[in-house]
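Dear colleague,

I am passing on the structure we spoke about, together with notes on what was found in it. Please have it open while you read, since the notes go from residue to residue.

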Amino acid sequence: MAADVEHGTTFTVVPVRRYGQIVLAGVVALLVAWLAAAGASSHFINPAVVGQYLLNPLILGGLANTIFVSIAAMLIGIVLGVFFAVMKMSSNTVLAAVSGFYIWFFRGTPVLVQLIFWFNGVPAVFHDLALGIPFTDVIFFSMPMVAFMTPLAASLLGLGLNEGAYMAEIVRGGILAVDEGQVEAAQALGMVSAQTMRRIILPQAMRVIIPPIGNEFISMLKTSSLASVVTFGELLRRASDIYSSNLFVVELLVVASLWYLLLTTVASIGQYYVEKRFARGTARAERETPWQAVLRNLMKLRR
Amino acid sequence: MPQATRPMVRAESVHKRFGRLEVLRGIDLEVQPREVMMLIGPSGSGKSTFLRCINHLEQINAGRIWVDGELVGYRQVGTTLYELHEHELAQRRAEIGMVFQRFNLFPHMTALQNVIEAPMLVKRVPRGKAVERARRLLERVGLAEKADAYPAQLSGGQQQRVAIARALAMEPKLMLFDEPTSALDPELVGEVLAVMRQLAHDGMTMIVVTHEMQFAREVGDRVVFMDGGVVVEQGPPAEVLANPKHERTRSFLARIL
């Protein structure tokens, strides 16, 4: 029995001490400090060179190209993804099978292989790109394949088609997550399936689809560096172009990495706000954002 | 006056199977304009399925159903039935309102948006007119001040009343209710039944699948008791509910009351 104290006494609470954790944290901190010291004392990295190339016009151009090709490939992927997701859920066996094959093929082969295939393989197999009526000699338009398959075109095709296959599965998952009663309610109101899909199903599927799209986009910002192998002048390609002449290899890789980190950080923040927008009608939409929390606390400080 | 004698709904030996399970085994029924028909029966008796066949949410396997003189789901030429195109089906469904057990409101839209969506999309009603009408309907179901609330912010009873307003916005000639109060907390049942009572009073043709016997007795013009995929007994509510002729009706009512 504890000693009796007066009714309504305020007690002091002593939290439990986790000695194991404290020791472990000390060891980890030491390791990190040791690594940092090793990095700082090494002669491989010259911080001045990093600073000098961070805002180099070639690098900034590469940065712009990375942003452009990532967004464009993502948009291609989303459009293809919605298209093939709906197609895969079709009651028509041929449509479903073709979509299934597309997803199977483009998810099952490495993006790097696909990029090289579009850039080097396709022009080697097909001499001309022609638009006409199949199985006849009628041709409206024709151009040499090498002229069409520029590094940009190959990058967009490779990254976009690959992304489309992943997006198709993400979109399909989102559509399947929408309650069947929603379709029935829409049908009972006289909507046809295209209207139901556009106005009722997809907007609700978006809530499920948006978080993985954000992850896919962040992943795409980095995967786009693979386009360097088809000589597309994105961030990594520009960095490697520079270091192959001045031999500051590590410094330029650091420059590129800093930009990639900035891009993925900005994208993560953007993802948060987009998710919030699509959470309309749920409790999640009403919670305050971190930015609102900061503002609220600042207001408190001023008082 | 042929218009006055034409039934709003006519079902002729309707059969429906789910795989090998025969859910409807020959339903013959007529519902007159302005009539309120109460469909009662144990769960699995086929009453909800029959309701869903009327607006072709379920396809029937044999028999025929007419709504306001038009064959549901098919065009008949001689002895051949041609399945209707999706757009024709949608057009007919637009004239039949349906209220579901689990409300099925569109969760990404406010109450007002739920009500104006179909008139604008399906009937091409201009936005201003649709909004004006929707506000009147929300007022009629007692939810004028909830126009901008999302379904998740409403109680079950309020959601179901919005769902009724949404169906009414299409100006249907027939309303189907599929156990509209079964998913509600007991204290919320009354507000939904009050709206339906008013609707019946205003002369709407209604088919209501329900377990609310008191409501069926007070509001129904006719009670139809279904069991095992057939109509066992039907007649004025007072008769069927108070003096059932069939043993199956009696035992069902004994269990539920």
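B:E95 is partly exposed in this predicted model, with a relative accessible area of 34%. Its side chain meets that of B:K173 in a salt bridge, with 3.1 Å from N to O. B:K173 lies in the loop between α6 (156–168) and β9 (174–178) of chain B, whereas B:E95 lies in the loop between α3 (86–93) and β8 (96–99) of chain B, so the pair ties together parts that are 78 residues apart in sequence. B:K173 is likewise partly exposed, its relative accessible area being 23%. As general background, side chains of opposite charge can pair when their charged atoms come close.

Over all chains the count comes to 24 salt bridges, and two further examples from chain B lie within helices. The side chains of B:E132 and B:R136 meet in a salt bridge at 3.5 Å, N to O, and because these two residues are four residues apart in helix α5 (residues 127–140) of chain B, they are separated by about one helical turn. B:R136 counts as partly exposed, at 48% relative accessibility. In helix α10 (residues 247–256) of chain B, B:E247 and B:R250 are three residues apart, about one turn of the helix, and their side chains meet in a salt bridge at 3.5 Å, N to O. Here B:E247 is exposed, with a relative accessible area of 53%, while B:R250 is partly exposed, with a relative accessible area of 39%.

Turning to the interface, chain A and chain B bury about 2,200 Å² between them, and 57% of that area is on carbon and sulfur atoms. The contact draws on 22 residues from chain A and 29 residues from chain B. Two salt bridges are found across the interface of chain A and chain B, and A:R199 forms a salt bridge with B:E117, in which the closest N and O atoms are 2.6 Å apart. Between chain A and chain B there are six residue pairs in polar contact, counting pairs with both residues at pLDDT 80 or more. On the side of chain A that touches chain B, α8 (180–188) and α9 (193–223) of chain A each supply at least two residues. That side of chain A has eight nonpolar, eight polar and six charged residues. There is also a network of salt bridges that links A:E184, B:K16, B:R52 and B:E58.

As for the nonpolar interior, the largest nonpolar core has 62 residues, of which B:V9, B:L174 and B:I207 touch the most other members. Not counting residues up to four places away in sequence, B:I207 touches B:V9, B:V31, B:M37, B:L39, B:L51, B:I54, B:L174, B:M175, B:L176 and B:F177. A second, separate core has 52 residues, and includes B:I164, B:M175, B:L188 and B:L193.

A charged residue to look at with some care is B:E35, which is found in the loop between β2 (21–31) and β3 (36–40) of chain B. Is B:E35 buried or exposed? With a relative accessible area of 11%, B:E35 falls under the 20% limit and is therefore buried. A polar atom of the side chain of B:E35 lies 2.8 Å from the backbone nitrogen of B:Q32. Leaving aside neighbours within four places in sequence, B:E35 is in contact with B:E30, B:M204, B:T205, B:M206, B:D221 and B:R222.

Finally, two residues deserve a look at their backbone angles. B:S13, in strand β1 (residues 9–18) of chain B, has a phi near 35 degrees, which is a positive value in a residue other than glycine. B:S13 counts as partly exposed, at 30% relative accessibility. B:H56 has a positive phi of about 65 degrees although B:H56 is not a glycine, and this residue lies in the loop between α2 (47–54) and β4 (62–67) of chain B. B:H56 is buried, with a relative accessible area of 8%.

With best regards

Note on methods:
Residues are numbered from 1 along each chain as its sequence is written. Chains are lettered from A and ligands numbered from 1 in the order in which they are written. This is a predicted model: local features need pLDDT of at least 70, side-chain atom pairs count only at pLDDT 80 or more; totals for chains, interfaces and linings use all residues. Side-chain values use heavy atoms; hydrogens and water are left out. Contact means heavy atoms within 4.5 Å. Buried area is the accessible area (1.4 Å probe) that two parts lose on being put together, summed over both. A salt bridge is a side-chain nitrogen of Lys or Arg within 4 Å of a carboxyl oxygen of Asp or Glu. A polar contact is a pair of N or O atoms within 3.5 Å; within protein, one must be able to donate a hydrogen and the other to accept it, and residues adjacent in sequence count only if both atoms are side-chain atoms. Ala, Val, Leu, Ile, Met, Phe, Trp, Tyr, Cys and Pro count as nonpolar, Asp, Glu, Lys and Arg as charged, and the others, Gly among them, as polar. A nonpolar core is a set of buried Ala, Val, Leu, Ile, Met, Phe, Trp, Tyr and Cys residues joined through side-chain atoms within 4.5 Å. Buried means under 20% relative accessible area, exposed over 50%, partly exposed in between (1.4 Å probe, protein chains only).
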